[in-house]
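Student: I'd like a close look at one thing only: the salt bridges. Which side chains pair up, and where do they sit?

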Amino acid sequence: MVEHLTKRFGSGVTAVADLSFSAAPGKVTGFLGPNGAGKTTTLRCLLGLVAQTEGKATIDGVTYREIENPITVVGASLEASGAHPARTARNHLRMIASAAKITDSRVSEVLETVGLTAAADRKVGGYSLGMRQRLALAVALLGDPKVLILDEPANGLDPEGISWLRTFLRHQASKGVSVLVSSHVLSEVQQTVDDVIIIRSGSLVYQGSLHALTEGGPAEVVVRGPNIDQLVLPGQWSRKSVANGETVITGATIEEVGRAAFEQSLELHELSAKSADLEQLFLGLTAEESPTNQSVNGKGGPE
Ligand SMILES: Nc1ncnc2c1ncn2[C@@H]1O[C@H](COP(=O)(O)OP(=O)(O)O)[C@@H](O)[C@H]1O
Ligand SMILES: [Mg+2]
């Protein structure tokens, strides 16, 4: 949980500004915002890796540093594996495990969970970015924590890997784990998350269910037919697009569009409701209002 969290860097950059949110047990919470929005900085505050300027960042009511055996409470992956390239994944995990009095059998177990068993005895130096991401997840899982904090875990994963990640995150949440997962691409996590926290320039722009976010968006009706371009719309509706006999209408319900087509004797081949375009909604929410958006889009840096 983060309460009125603010982080200013010496250089005068306010990376996080009065941010408050929480992530619930048994849920996957997406922590979203464009590059440079302050996601990594927030997660670093939560993990006690950087001291906040103001406010609180706690896990289960206490700061990370107050947790006695943190690996058993919170698992984190901030960068794709800090493992030594000459070490094997299994040895990397064993080292961390032995420091925390975790057994070798648990090491094998997490390797299996992340799908690295076959590659476990190969040197990490030869790993793809996706395999490193899996190794970072294995490290996070070692202590069987009830909180998972993952910074851009989908980065570098191929579509198969992203699909695997979705199942993985859902499985963790179904065990009651609080999963907080950041991303700068909504579509990566869209099918996985229950709740979303969206930030822009360090400040909260939305917290709530993904469902409620789409409900709030503009509804669209897709209508298709051979002469659909002839459909006459009442004043308050608008035609968003017309292409190949398909029209997208906003400002009307599906019933109203159906009735209008019927009254105008137009043949229909499709009449469907389209939920708001999430990516558009996300971009709209996170777009800078002022023209000085350079600091947000210009610097992202490697994630
Ligand atoms: N150690 C640092 N020193 C100075 N500025 C930083 C530092 N870390 C991050 N920032 C700045 O803070 C802002 C937020 O960065 P970051 O938390 O990495 O965003 P995100 O993870 O959402 O891309 C950016 O403007 C970034 O340049
Ligand atoms: Mg980041």
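Tutor: Let's start with how far to trust the picture, then go through three pairs one by one.

This is a predicted model, where local features need pLDDT of at least 70 and side-chain atom pairs count only at pLDDT 80 or more, while totals for chains, interfaces and linings use all residues. Residues are numbered from 1 along each chain as its sequence is written, chains are lettered from A and ligands numbered from 1 in the order written, and side-chain values use heavy atoms, with hydrogens and water left out. The protein chain has a mean pLDDT (the predictor's confidence in each residue, from 0 to 100) of 88, and 92% of its residues get to 70 or more. Confidence peaks in strand 6 (residues 147–150) at a mean of 97, and it bottoms out in helix 10 (residues 294–297) at 38. In fact, pLDDT stays under 50 over residues 290–303. Where pLDDT is low, the predicted coordinates should not be read in detail.

Now for the layout you'll be walking through. The protein chain has ten helices and 13 strands; these are DSSP runs numbered from the N terminus, with H or I over at least four residues for a helix and E over at least two for a strand. Of the 303 residues in the protein chain, 46% are buried (buried is under 20% relative accessible area, exposed over 50%, partly exposed in between, with a 1.4 Å probe and protein chains only).

On to your pairs. Side chains of opposite charge can pair when their charged atoms come close. The rule here asks for a side-chain nitrogen of Lys or Arg within 4 Å of a carboxyl oxygen of Asp or Glu, and that gives twelve salt bridges.

One of them joins Asp-195 to Lys-27, with 3.8 Å from N to O. Asp-195 belongs to strand 8 (residues 195–200), while Lys-27 is in the loop between strand 2 (14–21) and strand 3 (28–32), so this bridge ties together parts that lie 168 residues apart in sequence. What about their surroundings? Asp-195 is buried, at 17% relative accessibility, whereas Lys-27 is partly exposed, at 33%.

Next, look at Asp-121 and Arg-90, whose side chains meet at 2.9 Å, N to O. This pair also links distant parts of the chain: Arg-90 is in helix 2 (residues 89–99) and Asp-121 is in the loop between helix 3 (104–113) and helix 4 (129–141), 31 residues away. Here the two ends sit in opposite settings: Arg-90 counts as buried at 15% relative accessibility, and Asp-121 counts as exposed at 51%.

Stay with helix 2 for the third pair. Arg-94 meets Asp-104 in a salt bridge of 3.2 Å, N to O. Since Arg-94 lies in helix 2 and Asp-104 in helix 3, the bridge ties together parts ten residues apart in sequence. Arg-94 is partly exposed, with 34% relative accessibility, and Asp-104 is partly exposed too, with 42%.

So what should you click on? For helix 2, try Arg-90 with its partner Asp-121, then Arg-94 with its partner Asp-104. After that, find Lys-27 and trace across to Asp-195.

How values were computed. Contact = heavy atoms within 4.5 Å.
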